[in-house]
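This report describes one protein chain, going from its overall make-up to its interior and then to a spot on its surface. Please look at the sequence and the structure first.

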Amino acid sequence: MFVQGETIAAIATAVVPQQGSVGIVRVSGAEAIAIAHAIFHAPGNQPWESHRILYGNVRHPQTRQLVDEALLLIMQSPRSYTREDVVEFHCHGGIMPVQQVLQLCLEQGARLATPGEFTLRAFLNGRLDLTQAESIADLVGAQSPAASQAALAGLQGKLAQPIRRLRMEALDILAEIEARIDFEEDLPPLDEPAITAQIEHILAEVSLILATADQGELLRSGLKVAIVGRPNVGKSSLLNAWSRSDRAIVTDLPGTTRDVVESQLVVKGIPVQVLDTAGIRDTVDVVEKIGVERSRLTAQAADLVILTIDAQAGWTSGDQQIYEQVQQRPVILVINKIDLVQDISQLSLPTQIQQIVHTAAAHNQGIDTLENAIIGAVQSGNLQAANLDIAINQRQAAALTRTKISLEQVQATIANQLPLDFWTIDLRGAIQALGEITGEEVTESVLDKIFSRFCIGK
């Protein structure tokens, strides 16, 4: 947890041997500039001023041994990420330069930062609210352009603004009610219809924001899609055509795929984890049997199942058995190898499956139609995964759910004509829950939980 006056340091970039071209060591706190003066030598008359970049060398302060040739960026309080004095050493990439520079900073009195501590200080020093801080973590971990845009919207305050406005409206209602409790004889009667309408308005706004919870989860964690079917129906060919790569081995021999093959794709802005599974059938081969069992487990854990069949064979008893095992999940039926049949309309198919796609994976046909079917399946669940203004996370959704419950309880209290004192109890609960979202009311344990999922150096 943040301790006033401590100076912290950490490597702020990924350390990858022989791959990183630049590595950054970030230092924040009252001693940041003094530490920079101790270990950084800037030749000539370069001014040590805020928001300037200095060129020079990092040297050991006692031995003067050269550690690295680097750039130094100075950002004095309050015009910095943490609103403290911040310096950044932009070193050569790799392991050794940044590690040695960080070690020198620690020897000069800095403490190694904990995960997310720079962003935590930005929050505690008033530069960011809690929704913006969480959006930074979402931006770093974004797996698609849509997820990145949603995180940027949160960083710009598009979630915080309506939450603050709703909290202020609730506080105004509370003030009106408490004024009548304390000064009943000096004020006109409470306008109960107006109060009821205001609470209904806040409740409706809360419900609208709460509806984005599934959208946010979809953008952050993506969609897990399992391709299942009998052996040799073209599952691996479908994965290869979809991912535009040769991720899976394709042969005419059934049972070639023995394990789950994974590919990461982005479909219409949604990150999708595609899992090509072993062909499901009864077998005496021990290794293939293990692969079949893994296929069943993968399908049961998937968000969406693509059941693939062979257009030449049509719907078989084996396909029916597989469908019965996966029908608890949303299913898209892919009829593959349509290039090998004359009339696809003659196939007898189960009426329970609504989404049916025709493909010829070996010729890259039908992939766009499959992607549109996936988006259709997503949207049929009342999810909108693209062009989001905001997308709340699980913590925010939990706070908004408590807000909604509290406001509904206020409505019940009013309907039951209970005294004004009872109105304020649940109204305060709603105000507190809204404050938890932006950080006006938050505990140390909540902060620890939020920032522990950040990387060190952010």
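Of the 458 residues in the protein chain, 47% count as buried. The model is a predicted one. Its protein chain contains 15 helices and 13 strands. Among contacts with a separation of 6 or more, 67% are between residues 24 or more positions apart. The chain exposes about 22,300 Å², and carbon and sulfur atoms supply 50% of that area.

The interior comes next. The largest nonpolar core has 30 residues. Within this core, the residues with the most contacts are Ile209, Ile392, Leu400, Leu407 and Leu427. The elements that give two or more residues to the core are listed here with their residue ranges.

| Element | Residues |
|---|---|
| α6 | 160-182 |
| α7 | 192-210 |
| α13 | 394-415 |
| α14 | 420-438 |

The element that gives the most to this core is α7, with 7 residues.

Which residues does Leu400 touch, not counting those up to four places away in sequence? They are Ile163, Val206, Ile209, Leu210, Ile392, Leu434 and Ile437.

The last topic is the surface. Val15, Ile95 and Met96 make a nonpolar surface patch of about 240 Å². Ile95 is found in the loop between β6 (86-92) and α2 (96-107). Is Ile95 buried or partly exposed? Ile95 has a relative accessible area of 38%, so it counts as partly exposed.

Methods:
Residues are numbered from 1 along each chain as its sequence is written. This is a predicted model: local features need pLDDT of at least 70, side-chain atom pairs count only at pLDDT 80 or more; totals for chains, interfaces and linings use all residues. Side-chain values use heavy atoms; hydrogens and water are left out. Helices (H or I, at least four residues) and strands (E, at least two) are DSSP runs, numbered from the N terminus. Buried means under 20% relative accessible area, exposed over 50%, partly exposed in between (1.4 Å probe, protein chains only). Contact means heavy atoms within 4.5 Å. Accessible areas come from the Shrake-Rupley method with a 1.4 Å probe; for residues, only the protein chains shown count as cover. Patches are made of residues with over 30% relative accessible area and no salt bridge: like charges are joined within 9 Å, nonpolar side chains (Val, Leu, Ile, Met, Phe, Trp, Tyr) within 5 Å. A salt bridge is a side-chain nitrogen of Lys or Arg within 4 Å of a carboxyl oxygen of Asp or Glu. A nonpolar core is a set of buried Ala, Val, Leu, Ile, Met, Phe, Trp, Tyr and Cys residues joined through side-chain atoms within 4.5 Å.
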